[in-house]
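Hi everyone, thanks for coming. Let's take a friendly first look at a structure that may be new to you.

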Amino acid sequence: MISGVVNLLALTSPLFMLQVYDRVLASGSVPTLVGLVVLAVGLFAFQCMLDILRARVLLRIGERFDGQFSGRVHDAIVRLPLSTRMPGDGLQPLRDLDNVRGFLGGNGPTAFFDLPWMLLYLGICFLFHFWIGMTALIGAIVLISLTFLTNGLSQQPISDTIAHNIVRNGLLEAARRNAEVVQALGLGKRIAARWHKANANYLAANRKAGDVAGGLGGISKSLRVMLQSAILAVGAYLVIRQEATAGVMVASSIMMGRALAPVDLAISNWKPFLMARQSWARLEDLLAKVPEPAPVMPMPAPERELRVEGVTIVPPGEKKPTVTGLAFAVQAGSALGVIGASGSGKSTLSRAIVGAWAPVAGKVRIDSASLDQWDREALGRHVGYLPQGVELFDGTIAENIARFEDNPDPEAIVAAAKAAGTHELILRFEHGYETPIGEAGSALSAGQRQRIGLARALYRDPFLVVLDEPNANLDAEGEAAVVEAIASVRERRGVAVVVAHRPSAVRAVDYVLMMEGGRQRAFGPRDEVLPKVLKAAAMAPGAGVKATGSTQDNV
Ligand SMILES: Nc1ncnc2c1ncn2[C@@H]1O[C@H](COP(=O)(O)OP(=O)(O)OP(=O)(O)O)[C@@H](O)[C@H]1O
Ligand SMILES: [Mg+2]
């Protein structure tokens, strides 16, 4: 609508010109001139206002678009690593969203709104004179073909640019994450060289895209100027032949410029347009891959058992399963210890039990409902998980333990910390529970992180508590805390699953699951399984449980 009025108002300038030439100059009337000037100034001011209004509206349309999709895109970025491997730093979808919003909010779309009005201008040119119309039409056809050419030539370089950008960002992100290793091993130069190479590729692709756009943009601009002169020439010829007035000549030249301006604008905005289009295609793809979870029925709090039925797991982005055919069940009020060599699939199993990775076959059930029948958030309240590489979030210790709940319960936080034997440790910090832990807990030692991660796992007494090597970084006090925590889960009739290399944690469990090469080697009550496992390990040195020797000492 606004575009329509803006375009109609754009006729002011050529018509003003036409009137000045043909009326004012012919009659020599100053009052007419003054009247025309006042009218034209008014119309120009109105047009200016509408232009500003249009820009503001577009900006807000861009924002609305962002508001509509940013939530789902954020969700997809967070959930996608659980099902596929994401290239680069995994943040491309966010940049894609920015691309689309930026394009929608910029002046690119105006070109497309203005394009249909070209017909009006061309029509007026034809009204002036057939040949003026023809010249304008031919000019328009040439420029539009140029637009198609731009489109064809730009697609590839632009998608290359984005692909190289993803690689480039991924390298930098990895180097940033591992800054300490880079510094300690003196990898700075080599890492930088790898990045520079990726950056050079990116710049080359970007240059190619820019050259195409710039070259064709330049050609279109000069063509437009040339066409304006051409139409002036045609007009002059018609004036000489007395087939048109001088006013028509000048007005048609301006009209022509106006008619072709959107084509010009379109060509110069073609790169952002294509980028936005490709970004949108990628986003659609992404959102289709990560559909919004369907609403599910609320379930009663679990209270009976954890059951794993023929579970086979393929890590995200992989083809071959790393864990196959696991089947066991653990009743409420008991704890399971998972043992096995490095790479035998213990962590993979833990991820499946807490529902982080979905099994390709089989089911993990809590009280007969399989995990995929649960609403994620609802299930999360009944699950405590301490991953092998503890990941905390920027925030305070209290916020981390309370899982960033909106209204955390201070008593529950302290209770969780106490259950994890972490309360005193936290109070030793100057700001206690309010201590900010830095990005990913960088302000804490590995052991402190692990203890706070344990408290987070125990917050609000979840039914299922899965601890993946909880004592990896712990001192004796920490190990005792883990044993205590397992005991407390059993006491309050929850289920604890503990992955352990060292036997001290296995001391507190009722069942033992022995993993080997992604398979379940043995499962049963601890006192039945452990002796068998140890015997087998003794017969085949190097196989079986890690740290076999100390296992015998402690069991
Ligand atoms: N994200 C992943 N992508 C591909 N393969 C994976 C991934 N995670 C694990 N694997 C593979 O799955 C197998 C089991 O790994 P897992 O981490 O479960 O072992 P683990 O028993 O926990 O070992 P550790 O005692 O060293 O922690 C390994 O061979 C590993 O290569
Ligand atoms: Mg592991």
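Strand β7, residues 464-468, and strand β8, residues 495-499, run parallel and are joined by 5 bridges. If you want a spot to look for, find Val 466, which sits opposite Val 497 in β8. Please keep in mind that this is a predicted model.

Now let's widen the view. That pair belongs to an open sheet of 6 strands with mixed pairing, in the order β6-β7-β8-β3-β9-β10. Which are the edge strands? They are β6, at 383-386, and β10, at 519-525, and each of them pairs on one side only. From one strand to the next, the twist averages 15°.

Next, a helix on that sheet. Helix α12, residues 346-353, lies across β3, β7, β8 and β9, and it runs at about 155° to β8. Helix α12 also gives the most to the shell around ligand 1, with 3 residues. Among the residues surrounding ligand 1 are Gly 345, Lys 346, Ser 347 and Thr 348, along with Pro 315, Glu 318 and Gln 388. Sorted by class, that shell has 9 polar, 2 charged and 1 nonpolar residues.

Finally, let's go to another pair of helices. The axes of α2, residues 12-27, and α3, residues 30-79, come within 10 Å and cross at roughly 175°. Because of that angle, α2 is roughly antiparallel to α3. The contact includes Phe 16, Val 20 and Val 24 from α2, and Leu 36, Leu 43 and Phe 44 from α3. By class, this contact has 8 nonpolar, 5 polar and 1 charged residues.

Thanks for listening!

Technical notes. Residues numbered from 1 in each chain as written. Chains lettered and ligands numbered in written order. Predicted model: local features only at pLDDT ≥ 70, side-chain atom pairs only at ≥ 80, totals over all residues. Pairing = 2+ DSSP bridges. Helix = DSSP H or I, 4+ residues; strand = E, 2+ residues; numbered from the N terminus. Axes fitted to C-alpha atoms, helices over the stretch in contact; angles between N-to-C directions. Contact = placed C-beta atoms within 7 Å. Near = placed C-beta within 6 Å. Nonpolar A, V, L, I, M, F, W, Y, C, P; charged D, E, K, R; others polar. Parallel < 35°, antiparallel > 145°, perpendicular 65-115°, else oblique.
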